[in-house]
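Reader: I would like a close look at one part of this model, namely the aromatic side chains and the charged groups that go with them. Please set the scene with the chain as a whole before you turn to that part, and add whatever helps with the surroundings.

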Amino acid sequence: MSENSGLPTDQFGPAYHGAVHRVPAGVDPQQCRSNLAGAVDARPDLIGGGLPALWCEPVAGPSGSSLADRRRTGELDTPIGQGGRSAVRLTLLEYTDGKCDLVLVADAARIDRSGLDAIATAVLHGVAPSPPSSVRPVVLTPVVDQSTDFTFALPEVKSGPNAARDVAATLELVLARTLADERVTLDVTTADGRFGWTLPVWDEDRSVAEFRASAGERFAPTRPRPTETPADTSAFELRVALQVDLHEPPADQLCYKPPIGEFALTLYAEPADDGGLTGRGWCRPDLFPRWRATALGRQLTQMSRELMTACQQQPLTAVELLDEPERERVLALGRTERTWGSAARTLPELIAARTAAAPDAIALTDGDTLLSYRRLTDRASQLSHALRALGVAPCDRVGVCLERSADLVVVLLAVLTAGATYVPLDPAYPADRLAFMAEDAELGLVLVDAGNAGRTFASGVAVPLDRLEQLAEGASTTPPASGIGPDDGAYIIYTSGSTGRPKGVVVPHRNVAALLDATAGDLGLGSTDTWTWFHSAAFDFSVWEIWGALITGGRLVVVPYWTCRSPEDFRELLVRERVSVLNHTPSAFSRLLELERGDALLGDIRLVIFGGEPLDTRSLTSWFDAHPETRCRVVNMFGITETTVHVTAQTVTRADALAATRSVGRAIPGWAVRVLDSRGRLLPPGSTGEIAVAGDGLALHYLHRPELTAQRFVTDPQDGTRLYLSGDKGRLLSDGRLEHLGRLDSQVKLRGHRIELDEIRNVLLGHDAVVAAAVVLSRPEGDEDAARLDAYVVLDGADPAEIRQHAAKTLPDYMVPGMVIQIPELPLTVNGKVDVKRLPAPAEPVAATPAGTPDTAPAENTLAVVLAAWRTVLHDRCAAEDDFFDLGGNSLLALRISHALRDAGVPVSVRDIYRWRTAVLLAQHADNQM
């Protein structure tokens, strides 16, 4: 062992001392790091607080060489770096003969020699001895292991007066491109001093020359380093340090070891033999992953080459972050290739193939109704002839406005068999919305239930289902020749639109066939499976449920409307029907999950697939307790209507749930994802931007909206790939998985429904009394059931209740604001946008119109119990006559009220709450039942 004794200096501050210990044979750097971490965890006082870095430095000579002597001496003579937060610096010198030395240098004011020996013992042997009295505990900010992570070359940046400027410009542009969503503080040290600024401070429309010159201006020596806290404290700040040393170093000079703890990234650049610069980089893995740091090194090399060699008068936008090989690597990372051919078939052809394989297998279960595959296809064929008799021709569009039932599945297949495209219309939608969809889709015929025969659909003719069945009596079970192919439209689903009206998405047969080709093998879908059909036919998740079950030969169980709204009844159905494949939105699953915590009954479920909205994986730990991963697979799938239901798939494990992963997995085979910046340029893994989707799932177009189609379905100018710009925010990870991070615009997801807040706003503004309006999604933390839409309006001559009633005439229930709050004016940001943070909290429920007057008043104690439940779940100022929906009620909150009342001995169902709607009427109903 050798040691030194340093003296205080102006440059390095307090006195220091050090020691050298030979590393025992068989102990490698990783073991030393583990020993150090374990010792510090057990004995935080050992090194005076915090976890120091352990640097590994190669020495180009054996341990007994003069070079090794100079390196050991140099390390001992180099004090703790300026700005360091740890009391000790640890360096492993690795020699060419396989031996290593551990060099320790400590702040003498905080650790004396006996303390230094204790640290060496802990690092080399994994022993944390009893605390030496000489160690002076100091409370420090914890730091993490920060070793040399990557090197990079800047061959085009030549040593000279502008070198520091050009290095800083290169780094600034790379960080601005790859970290555009984060606040980045850049701290630069050169021979002239230390200074810094916060990004972004540049304009890509300027020329390359102007940008390089402005970089020099930003770190003029007189510019002080910023010390004030940014005004926007909500933004995450990433601190990056850059030191540029233009002095030629001796061959055996010690490698630079930067201050640790303060910066997420630290970069050091110095002259290289080729006349350019070479660099080394370090990262704090807890703030900036190592794989991103390594990629940053490649990006710095590429960007410096572009900046230095490009035409200096061209705009900065022309400078490429990724060279061609790196671009191809990133694209391949987000793409999963198909393993099958491209011989797609139509949906009727696929169902017919299943019928031929097992004609007597049960295809549909709807209560006591059972339909075999043979009966399903025969009935669909007969109805298709009846549709032809009504004038339906191939490629026509047929509206289907039927309650969820086995008949609805038969009708959908019949429309497809006739060669037409089905347009699902949910009977629960307001008449105005249904009329708009029928007119927009130019529906000449809309199939309805008998009870809706009098409904009008613009120019469309409402044909009751029983009339269609009468026309089909005796018709042939051989389907008519349709002449359509896989590229013709199979269905049109309307999604929320920012203009105030929904928009139709046209999806061809080929896409649905490709979706099942891509997923059936991995998910093990087959004829032994039983699926549920839980979601509205107007919601694209139903495409997966209906055709996924039937194309793979499974059995589809229809879930009645009210069963969907009662978790107990739904769970009973799952057990009774021995369902094996369950498809759910996370919101709907949460109520089922609560039941399974107490008594796990769903032992037949082998596969749970989530979709429709973001999944909080942390909520699944109790599911894994009741349903181990070996017996039930959980898959989270991200998808969009315009990309045919699903895009990616992630098998979620208990470990993922504990880690709260936000990954939605890799693209399914035949699909591809990439992340683009605001100018449509490809971003590398780790950078946040807009998710773009390519591959087999892209819809044909938006119906009658060529401008919107051109805006969202684009062609990449570099490779000619057709892309759908999703408006979703995300980032690609180093292994090709995608993280979904919300939306870039005003679109939200609420209990599986995709909602454009601007559509609701425009409907509100359609009322003459609404001067201004804003709509927000209120999502109390930890209580997804209480999430709701609230509207804020500036009114002239109307009350909030009237405005809500106006919205309910056009919008479906899930889009009607739970509360309409009148305010004198909308608070605005400095940029003229609505300042959501300054909107008042909804303090008063909307005044409601009583749903009716009971024949007799309810018992006083019953009404008190009902009101108590309403006030607990909805609002503490609920009145007996307030309407449940006017108070922001939804199916999940109705379920809470139902549970609370049952626990209190008042038996009411979710259906009762929907029917009676006010506390006084519900209490009267409950009295009549008891």
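Author: The accessible surface of the protein chain in this predicted model comes to about 37,500 Å², and carbon and sulfur atoms account for 50% of that area. Of the 930 residues in the chain, 57% are buried, and the secondary structure consists of 26 helices and 37 strands. When the contacts between residues at least 6 apart in sequence are considered, 70% of them join residues that are at least 24 apart.

Turning to the aromatic side chains, the structure holds 14 aromatic pairs. One of them is formed by tyrosine 561 and tryptophan 562, whose ring centres lie 5.1 Å apart and whose planes make an angle of 90°, so that the pair is counted as edge-to-face, a class that begins over 60 degrees. Those two values are the usual terms for such a case, since a pair of aromatic rings is described by the distance of the centres and the angle of the planes.

Neither partner counts as buried, because that word is kept for residues under 20% relative accessible area: tyrosine 561 has 31% relative accessibility and is partly exposed, while tryptophan 562, at 24%, is likewise partly exposed. Both belong to one aromatic cluster, in which they are joined by Trp870, Phe884 and Tyr914.

Tyrosine 561 also has a charged partner, for the charged end of arginine 565 sits over its ring, 3.8 Å from the centre. A second arrangement of this kind involves tyrosine 429, over whose face arginine 433 lies at 5.8 Å from the ring centre.

For contrast, consider an arginine described by its cover and by a polar partner. Arginine 89 has its place in strand β4, which covers residues 88–94, and with 9% relative accessibility it counts as buried. A polar atom of the side chain of arginine 89 lies 3.1 Å from the backbone oxygen of glutamate 75.

As for a helix, α9 runs over residues 373–389 and has 17 residues, and the 25 Å from its first C-alpha to its last is close to the 24 Å expected at 1.5 Å a residue. Its buried residues include the aromatic Tyr373 together with Leu376, Thr377, Arg379, Ala380, Leu383 and Leu387. In general, an α-helix has 3.6 residues a turn, so residues three or four places apart point the same way. After α9 comes glycine 391, which has a positive phi near 100°.

Conventions
Residues numbered from 1 in each chain as written. Predicted model: local features only at pLDDT ≥ 70, side-chain atom pairs only at ≥ 80, totals over all residues. Heavy atoms only, no water. Helix = DSSP H or I, 4+ residues; strand = E, 2+ residues; numbered from the N terminus. Buried < 20%, exposed > 50% of the residue type's maximum accessible area, 1.4 Å probe, protein only. Contact = heavy atoms within 4.5 Å. Areas by Shrake-Rupley, 256 points an atom, 1.4 Å probe, with all protein chains shown as cover. Expected span 1.5 Å × (residues − 1). Polar contact = N/O pair within 3.5 Å; in protein donor to acceptor, adjacent residues only side chain to side chain. Phe/Tyr/Trp six-rings, centres within 6.5 Å; stacked < 30°, edge-to-face > 60°. Lys NZ or Arg CZ within 6 Å of the ring centre and 35° of its normal.
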